[in-house]
Amino acid sequence: MTKTILRVLAGEAVWPPPMWLMRQAGRYLPEYRALRAEAGDFLKLCLNPALAAEITLQPLRRFGMDGAILFSDLPIVSWALGQDLRYAEGEGPVLTPIRDHAGLDRLDVGRVAEAVAPVWETVRRVRAELGDATLIGFTGGAFTVACYMVEGHGSREFAAARGMAYADPALFGRLIDTIVEGNLVYLRGQADAGAEALMLFDSWAGMLPPDEFRRWVIAPTARIAAALRESHPDIPLIGFPRLAGMLLGEYAEQTGVQAVAMDTSMDPAAAARLVPAHIALQGNLDPLALLAGGAPMIEGAKRITGALRGRPHIFNLGHGIVKETPPEHVAALVAAVRGG
Ligand code: CP3
């Protein structure tokens, strides 16, 4: 096995660490903005295999990243289950909120495969052109997807979603179960189409108190990981329980993921103590240090790679690239990490 990211996900410490960046395909790249303008609508872009494959490959062509993250979006699974999804200009996803059993009754796992078929075709096309890089498929963690499905849009608090989890855990649990089922269809299809690793973005996991975190983040992630082990034993899974803090160790031990992605707030040395040594760590430079460039970026990157030297580590950001980031900063970061 030569692909460096796959070696790290198998538990090997590689130096210098392989790297890719969350949101490496996106608006900070002029070549992305050009294709985005051509497609018009963002959802159409996600469902256009020719354009989505090209966008996935853009950062690899420009920077020679070790990993390609599939170009798609987190609420695609909600849309595939039957929820209305649109992208308001300059905003994130907007969905028709689901607040009761009647809303849930309208979702149907049976329609996911047909709906996401274009994304699977994107995976096939990227894989055919990929070379030595590793293709990482993804979806949202069940809790984070549920946040968007209940709230209907992005939010700082996701009060409706978290409120539902307390007031009617049976209803919220039914939604989580539906998302787990939808995610499994979606992820298995990505693996069958050629994705070599899979990632679960649980961006809002850190809002939950410990018991809720165990119930709505660890438990559904463990179910997905176990089901994938059965059907696709060779495909590693990366979990990103953003802002999990001290619960990162419990998440790593109990979910069955092969790697955990650290958010910006995590001390890599502390993460290395919390997480069992055979589980890889990914992350976690502050995207704002990348935006700033220069010494804060280079020194920040070296602190992280130095702290994790000898551990299986994939260098990345602690959250997505911000759109104002100059592409030259990304090139300088790649050179610095590759320089060891
Ligand atoms: O390189 C990549 O990572 C590209 C693939 C990708 C996108 N979104 C493309 C995208 C991935 C892996 C995501 C994940 C995603 N989407 C998450 C989890 C990671 C995180 O950032 O916490 C979440 C929460 C979403 C939901 C979402 N989609 C939001 C909140 C937004 C608006 C904010 C923003 O950054 O633009 C989107 C839109 C989106 N997803 C864009 C892209 C390139 C911008 C859309 C545009 O071009 O207009």
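Helices (H or I, at least four residues) and strands (E, at least two) are DSSP runs, counted off from the N terminus. With those labels in hand, here are the views of this predicted model.

**View 1. The whole protein chain, with its 16 helices and 9 strands.**
Let us begin with the overall picture. The C-alpha atoms fit in a box of roughly 55 × 45 × 35 Å along the principal axes. For 340 residues, a compact globule would be expected to have a radius of gyration near 20 Å, and the 19 Å of the protein chain agrees with that. Buried residues make up 60% of the 340. If we take contacts between residues at least 6 apart in sequence, 74% of them join residues at least 24 apart.

**View 2. The surface and charges of the protein chain, with an accessible area of about 13,100 Å².**
Carbon and sulfur atoms account for 52% of this accessible surface. The protein chain carries 32 positive and 37 negative charges. How far apart are the mean positions of the positive and negative charges? They are separated by 3 Å.

**View 3. The loop between S6 and H12, home of Leu243.**
Strand S6 covers residues 237–241 and helix H12 covers 248–255, with Leu243 in the loop between them. Although Leu243 is not a glycine, its phi is positive, at about 65 degrees. Is Leu243 buried or exposed, or somewhere in between? Its relative accessibility is 43%, so Leu243 counts as partly exposed, a class that lies between the cut-offs of 20% and 50%.

**View 4. Phe158, in the loop between H8 and H9.**
Here is another residue other than glycine with a positive phi, this one near 45 degrees. Phe158 counts as buried because its relative accessibility is 0%, and the cut-off for buried is under 20%.

**View 5. Helix H9 (residues 159–167) and its two sides.**
Which residues of H9 are buried? They are Ala161, Arg162, Met164 and Ala165. These four span an arc of only 155 degrees around the axis, which means that they sit on the same side of H9. A general point helps here: an α-helix has 3.6 residues a turn, so residues three or four places apart point the same way. On the other side of H9, the exposed residues are Ala159, Tyr166 and Ala167. The cover over the buried residues of H9 includes three helices, H8 (142–151), H10 (169–193) and H11 (210–231).

**View 6. A cis peptide bond from Trp15 to Pro16.**
Omega of this bond is near -10 degrees. Pro16 belongs to the loop that runs between helix H1 (4–9) and helix H2 (30–39).

**View 7. A cis peptide bond from Gly283 to Asn284.**
For this bond, too, omega is near -10 degrees. Where does Asn284 lie? Look for Asn284 in strand S8, which takes in residues 280–285.

**View 8. Ala307, in helix H15.**
Helix H15 runs over residues 294–308, with Ala307 among them. Ala307 counts as partly exposed because its relative accessibility is 38%. Follow the C-alpha atom of Ala307 to that of Ala272: the two are 35 residues apart along the chain, and 8.6 Å separates them in space.

Conventions:
Residues are numbered from 1 along each chain as its sequence is written. This is a predicted model: local features need pLDDT of at least 70, side-chain atom pairs count only at pLDDT 80 or more; totals for chains, interfaces and linings use all residues. Side-chain values use heavy atoms; hydrogens and water are left out. The radius of gyration is taken over C-alpha atoms; the globule rule is 2.2 Å times the number of residues to the power 0.38. Buried means under 20% relative accessible area, exposed over 50%, partly exposed in between (1.4 Å probe, protein chains only). Contact means heavy atoms within 4.5 Å. Accessible areas come from the Shrake-Rupley method with a 1.4 Å probe; for residues, only the protein chains shown count as cover. Lys and Arg count as positive and Asp and Glu as negative; His and the chain ends are not counted. The place of a charge is taken as NZ of Lys, CZ of Arg, CG of Asp or CD of Glu. The arc is that of the directions from the helix axis to the C-beta atoms.
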